Amino acid sequence: MYELTLKRRVAIFFGVLFLLLPLGCGGLYIALDSVVLYFSFPPAFVFSSFTIYGFTIFLMVIPLAFLSFFPVFFGRLASLSIQKNISLFIFVCFFFFIMLQIVFKLYFESELEHKGYIACRGIPSGWMPGMATKYVTNEVLCSKKDP
């Protein structure tokens, strides 16, 4: 094991502060914003079930940030039992959100069908094939620019 000098501890602290925390909070914000948009049922929107992974990012990055506080404040790594528990938590969260993504996609697409939405043909602007679908209430809105 290498020595945790003050320089390394400060670098870890700033890495967590400016990399991990913004990624986790940003992923959570984007996921919440997208889900709120979806359930407001606007006349035209682009739906991607992958937005659920924003919650996953938050729940995976925050424990990693927690693990980095041991070297920063105590000058040593977290114990193996803490590392194992956090690894298990991250693993369970990842598979839970894979299942949640599938359930959310099935539920939301049936809800859209029930409300009379139409899936547009083609790939929404700015998206890769298979990643998103544009839904509209009127066929004319399919040809208009994506929101």
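Is Glu-109 buried, partly exposed or exposed? We will get there in Exercise 1, after a word on the model. This is a predicted model, in which local features need pLDDT of at least 70 and side-chain atom pairs count only at pLDDT 80 or more, while totals for chains, interfaces and linings use all residues. Residues are numbered from 1 along each chain as its sequence is written, and side-chain values use heavy atoms, with hydrogens and water left out.

**Exercise 1. Place Glu-109 and describe its salt bridge with Lys-105.**

Step 1: start with accessibility. Buried means under 20% relative accessible area, exposed means over 50%, and partly exposed is in between (1.4 Å probe, protein chains only). Glu-109 has a relative accessible area of 24%, so Glu-109 is partly exposed. Lys-105, at 33%, also counts as partly exposed.

Step 2: locate the pair. Lys-105 and Glu-109 both lie in helix H3, 4 residues apart, which is about one turn of the helix. Helices (H or I, at least four residues) and strands (E, at least two) are DSSP runs, numbered from the N terminus.

Step 3: check the distance. A salt bridge needs a side-chain nitrogen of Lys or Arg within 4 Å of a carboxyl oxygen of Asp or Glu. Here the N to O distance is 2.9 Å. By this rule the count comes to 1 salt bridge.

**Exercise 2. Work out the strand order of the sheet and its pairing.**

Step 1: recall that strands of a sheet pair through backbone hydrogen bonds, either parallel or antiparallel. Two strands pair if DSSP finds at least two bridges between them.

Step 2: take the pairs in turn. S1 and S3 run antiparallel and are joined by 4 bridges; Phe-45 has Tyr-135 in S3 as its bridge partner. S2 is joined to strand S3 (residues 133-136) by 2 bridges, again antiparallel. In that pairing, Ala-119 is matched with Tyr-135 and Ile-118 with Val-136.

Step 3: assemble the sheet. The order is S1-S3-S2, in an open sheet of 3 strands with antiparallel pairing. Strand S1 (44-47) and strand S2 (118-119) are the edge strands, each pairing on one side only.

Step 4: add the helix. Helix H3 (residues 80-114) lies across S1 and S3, running at about 160° to S1. Axes are lines fitted to C-alpha atoms, for helices over the stretch in contact (heavy atoms within 4.5 Å), and angles run from 0 to 180 degrees between N-to-C directions.

**Exercise 3. Compare the surroundings of Phe-14 and Ser-68.**

Step 1: Phe-14 sits in helix H1 (residues 6-40) and is partly exposed, at 42% relative accessible area. Together with Leu-6, Val-10, Leu-17 and Phe-18, Phe-14 forms a nonpolar surface patch of about 500 Å² accessible area. Patches are made of residues with over 30% relative accessible area and no salt bridge, joining like charges within 9 Å and nonpolar side chains (Val, Leu, Ile, Met, Phe, Trp, Tyr) within 5 Å. The areas come from the Shrake-Rupley method with a 1.4 Å probe; for residues, only the protein chains shown count as cover.

Step 2: Ser-68 belongs to helix H2 (residues 53-74) and is buried, with a relative accessible area of 10%. Leaving aside neighbours within four places in sequence, Ser-68 is in contact with Ile-12 and Val-16.

**Exercise 4. Find what stands out in the phi of Phe-41.**

Step 1: Phe-41 is in the loop between H1 and S1. Step 2: its phi is near 50°, a positive value in a residue other than glycine. Most residues other than glycine have a negative phi.
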